[in-house]
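Let's take a walk through a protein chain together. Keep the picture at hand and look up each part as we come to it.

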Amino acid sequence: MKKHNFYAGPSILNDGVIKEAAKAVENFAGTGLSLLEVSHRGKEFVAVMDETVALFKELLDIPETHEVVFLGGGASLQFYMGALNFLKTKAAYLDTGTWASNAIKQAKYVGEVVVVGSSKEDNYSYIPEYSVPSDVDYFHYTSNNTIYGTEIKKDPIVNVPLICDMSSDIFSRPVDVSKYDLIYGGAQKNLAPAGVTFAIVRKDKLEQVDRPLPTMLNYKTHVDKGSMFNTPPVFPVFVALQTLKWYKSLGGIPAMQKMNEEKAAVLYDAIDSSKIFRGTAREQDRSLMNICFVMKDEYKELEKPFLDLATERGMMGIKGHRSVGGFRASTYNALPIESVRALVDVMKEFEKNM
């Protein structure tokens, strides 16, 4: 039976990407060695790193003012590292979920943080209104909230530089990178397996703070060394390259956006037309990447039977996060629309036979 991977992360990768990675694990670039054991300084892997950076820039139309680096530590390290490198006196943050809240906590170790909006009191079910003061160094936001199923789908219009955690919707839609001092994210949703973090940094804003920066937490260290200051996560970078090649073959970011909108429409339509299911996020703020829904109050007792049936039919990873409950279908770039339709079929079957 086919399995349908709705896990929120680490999450689905394209089948062709996995096959290329498997080949490289056995014999990388004709070396007769596994990708897992070659030197990151060897010409074969240096070529991989260079191509990955170049394709990353091409697909996102990244201007010459910015550089792409690959790091360790996940987005959680970036919460602190970003503030350390860009927060001089005061920064504005938008609180839209668990990871945004964690970013706020880490930035407070560095400088003054102004929380310009929060939807915490309503369990982060919507994107709050906000106003960004003009005297801050930057405005930080989390574009997609994986736990709560909300998303900011357009670059904010503000008069200060932007910093964004795009862990779970990078490459799903166009982004005007020129507006940002920093875009970062863990790769384990739309790019690669866990173990590598990407950062897109504006080069002329580096080393502008007064504080001393530890070598490993200074973006310029990694820009100057081409992500090779220390041993990079070789395998995830290779898989990222295969994913980027796949994106390009499909038509790039506009094609991915169209596919994601189509997938989300199929599932949201099924939720909205159901008599037993309801969405948890405000309609205009609904994520295209993480679709959260629950049973209506009068049908709460049916959540476990539905989850059991869905799991039996090959729907993997649809149990909702404990903060929201119910169900969460993560519809990242690599998830085919056939999987979404299969989930909708199970939902309709369950409702019909309840």
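In which loop is Pro-10 found? This proline sits in the loop between strand S1 (4-5) and helix H1 (15-26). Before we look closer, keep in mind that this is a predicted model. The peptide bond that joins Gly-9 and Pro-10 is cis, with an omega of about -5 degrees.

Now step back and take in the whole chain. You can find nine helices and 14 strands in it. Along its principal axes, the C-alpha trace spans about 60 × 55 × 30 Å. For 354 residues, a compact globule would have a radius of gyration near 20 Å, and the chain has 21 Å, which agrees. Of the 354 residues, 57% are buried. The accessible surface comes to about 15300 Å², and carbon and sulfur atoms account for 50% of that. Contacts also tell us how the chain comes together: among those between residues at least 6 apart in sequence, 65% join residues at least 24 apart.

Let's go inside and find strand S3 (residues 90-95). Six of its six residues are buried, so S3 is largely enclosed by the rest of the structure. Try following its side chains in turn: Lys-90, Ala-92 and Leu-94 point one way, while Ala-91, Tyr-93 and Asp-95 point the other way, and all are buried.

What holds strands together in a sheet? Strands of a sheet pair through backbone hydrogen bonds, and they can do so either parallel or antiparallel. S3 gives us parallel examples. Six bridges join S3 to strand S4 (residues 112-118), and the two run parallel. You can spot one partnership here, as the bridge partner of Lys-90 in S4 is Glu-112. S3 also runs parallel to strand S5 (residues 139-142), joined to it by two bridges. Here Ala-92 stands opposite Phe-139. To see how the chain travels from S3 to S4, look for helix H4 (residues 98-107): S3, H4 and S4 make a right-handed β-α-β unit.

For antiparallel pairing, move along to another sheet. This one is open and has three strands, in the order S11-S12-S14. Which strands form its edges? They are strand S11 (277-279) and strand S14 (327-330), each of which pairs on one side only. On average, neighbouring strands of this sheet are turned by 30 degrees against each other, direction ignored. Three bridges join S11 to strand S12 (residues 290-295), and these strands run antiparallel. Within this pair, Arg-278 stands opposite Val-294 in S12. Helix H7 (residues 252-272) lies across S11, S12 and S14, running at about 15 degrees to S12.

Finally, let's visit two loops with a backbone detail to notice. Asn-123, in the loop between S4 and S5, has a positive phi of about 55 degrees although it is not a glycine. Glu-207 lies in the loop between strand S10 (197-202) and helix H5 (219-224). Its phi is near 55 degrees, again a positive value in a residue other than glycine. Are these residues buried, exposed or partly exposed? Partly exposed means between 20% and 50% relative accessible area. Asn-123 has 36% relative accessibility, so it counts as partly exposed. Glu-207 has 43%, so it counts as partly exposed too.

Methods
Residues numbered from 1 in each chain as written. Predicted model: local features only at pLDDT ≥ 70, side-chain atom pairs only at ≥ 80, totals over all residues. Heavy atoms only, no water. Pairing = 2+ DSSP bridges. Helix = DSSP H or I, 4+ residues; strand = E, 2+ residues; numbered from the N terminus. Axes fitted to C-alpha atoms, helices over the stretch in contact; angles between N-to-C directions. Contact = heavy atoms within 4.5 Å. Rg over C-alpha atoms; globule rule 2.2 N^0.38 Å. Buried < 20%, exposed > 50% of the residue type's maximum accessible area, 1.4 Å probe, protein only. Areas by Shrake-Rupley, 256 points an atom, 1.4 Å probe, with all protein chains shown as cover. Right-handed = clockwise from strand over helix to strand, strands pointing away.
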